[in-house]
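User: Could you take a close look at the place where the two chains come together, and walk me through what sits there?

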Amino acid sequence: MPRHDLDVLSLMAGVFFAGVALLGLLDQGAGDAAGWVWPTLLIVVGVVGLLSTRARHAGHDRDGSHPPG
Amino acid sequence: MDTEPQTRPPGGPPPPGYRPPLGGLTRATDDTVISGLCGGLGRQFGIDPLVFRIAFVVMALAGGTGIILYLVGWALVPDDQGRSFGADWLPGKDRSHKLLAAALAGGGVLLLLDRITNGDGDNFPLGLVLIGVGAAVLWSRRGGQAVTPAPPPPPPPGAAADAPADAPAETAAETAADVGDDTTDQVTSDETTPLPAGSSASSSEATVRVTPPVYRPREPAPPRPPRPPKAPRPRSALVAVTLSLLAILAGVMALAGADVVTGLALALFLVAGAMIVGAWLGRARGLIPIAILLGFALFVANLIDVPLQGGAGDRLFVPASVAELRSPYRLSAGELRIDLRHVDFAGRTVPVVASLAAGDIVVTVPAGVAVAVDAHVGAGDLLVFGRDWSGIGIDERVERAGAEGVGRLELDVKVGLGQLEVRRAAA
């Protein structure tokens, strides 16, 4: 499989669903902990998305190219 | 003055100069799943349309808002050929602002209706804010027009100095601003020119000379060139490899006798890991729908939290003694009735366990026996000795005292989806 530009959407979706699977395995998603577990997961996904987008654009700035999309 | 560059006859190709509302947003005809709305949004904002599709699906699942928004967008946003269901219902200029205002105010009304019908006050401030923003958008476009008369016809050249001296400066300025707002091609705005000394006009009247605007018709925009067809992408092996690994995992989990929640969670881990790999290698976006399905199944499995055992159908158990009890009573789907009224507990404490994944359970306990009920309902109704609960994730413990020396029943009952009822037999 050829290496390509960082796909931020795939990365965010992967982190999100990994968190969902972990919560499901720990059976915390629908319990009392849901009040803070789900927001924490969403915050983590958002931070990952922001950092990866920044890293992606920084790489393109170094290359002098424009990221697609 | 309304130059109406946006109006067009119904049907047929858009005329030259046709400018779709909402800043050129159109539904993509070459990237269509349902109507091309998400494709157009993605093209408009330079984002993958999948982001909008996921957002609409998530909003649709979370209360149905996504369905309403999508239908509104489908009706009002024209496609690449300029065809739309509802945009022409809003005649006149500034149609894009009217659409935006209508969408905002409509969203606010929906939230308020939701509050009224469901009694949920969480969305009340947001609904008011949306209505207010929508009204502000509409009002900001109408504010200058309500007090402004129609502009006078352009005077002959050289007549600027002969403008009527009794015309209030504010009105003239408003007129010029309003007309310029419509045409965007106003080229003259000579607002104040002092009269020469000795003029017969009074000083207050002589300070303003307004040159009426000169209009140039808008240059017709060139027609949008047809989009070139997308080049087919090379197929990625990542999705096929992940699906193969999922099949292997499912077989191994079945052989190992793992429970459904564990199997679904591990499968979701596998798909999520493939998506993270796909951020750099191959393409993994095709796995997102699979992950959504697995996540939903995991949520339901966690909610039900009942073993899938005992087959399906209707079951009736009427034990006559403690020795005839067959706890645990299991059923996957159907109706499970356990009638304990003939059991003599003889002063002992007896545990009884029953579970049903989907359907109804009715447990009848003898008169006089002390009872402790631990009940779980994943989604549905719970009725215990006349008290009832409804909803999802119901976990209740109810205790009732009995007669002296009769005995005690420890009842542990679970229903995944359906109804659970515990009643006491008549004495």
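Analyst: Happy to. A good starting point is a nonpolar patch on the surface, formed by Leu22(A), Leu25(A), Leu26(A), Leu266(B) and Phe269(B), with about 390 Å² of accessible area together. Patches are made of residues with over 30% relative accessible area and no salt bridge, with like charges joined within 9 Å and nonpolar side chains (Val, Leu, Ile, Met, Phe, Trp, Tyr) within 5 Å. The areas come from the Shrake-Rupley method with a 1.4 Å probe, and for residues only the protein chains shown count as cover.

Please keep in mind that this is a predicted model, where local features need pLDDT of at least 70, side-chain atom pairs count only at pLDDT 80 or more, and totals for chains, interfaces and linings use all residues. Residues are numbered from 1 along each chain as its sequence is written, chains are lettered from A and ligands numbered from 1 in the order in which they are written, and side-chain values use heavy atoms, leaving out hydrogens and water.

Two helices each supply at least two residues of the patch: helix 1 (8-26) of chain A and helix 9 (260-278) of chain B. Helices (H or I, at least four residues) and strands (E, at least two) are DSSP runs, numbered from the N terminus. Helix 1 of chain A gives the most, with 3 residues, and Leu26(A) is found in this helix.

Now the interface as a whole. The contact (heavy atoms within 4.5 Å) takes 22 residues from chain A and 27 residues from chain B. Together the chains bury about 2200 Å², 73% of it on carbon and sulfur atoms; buried area is the accessible area (1.4 Å probe) that two parts lose on being put together, summed over both.

What about charges? The structure holds 11 salt bridges over all chains, each a side-chain nitrogen of Lys or Arg within 4 Å of a carboxyl oxygen of Asp or Glu. Across the interface of chain A and chain B there is 1 salt bridge. Here the side chains of Arg285(B) and Asp7(A) meet, 2.7 Å from N to O. Arg285(B) lies in the loop between helix 9 and helix 10 (288-304) of chain B and Asp7(A) in the segment before helix 1 of chain A, so the pair joins two chains.
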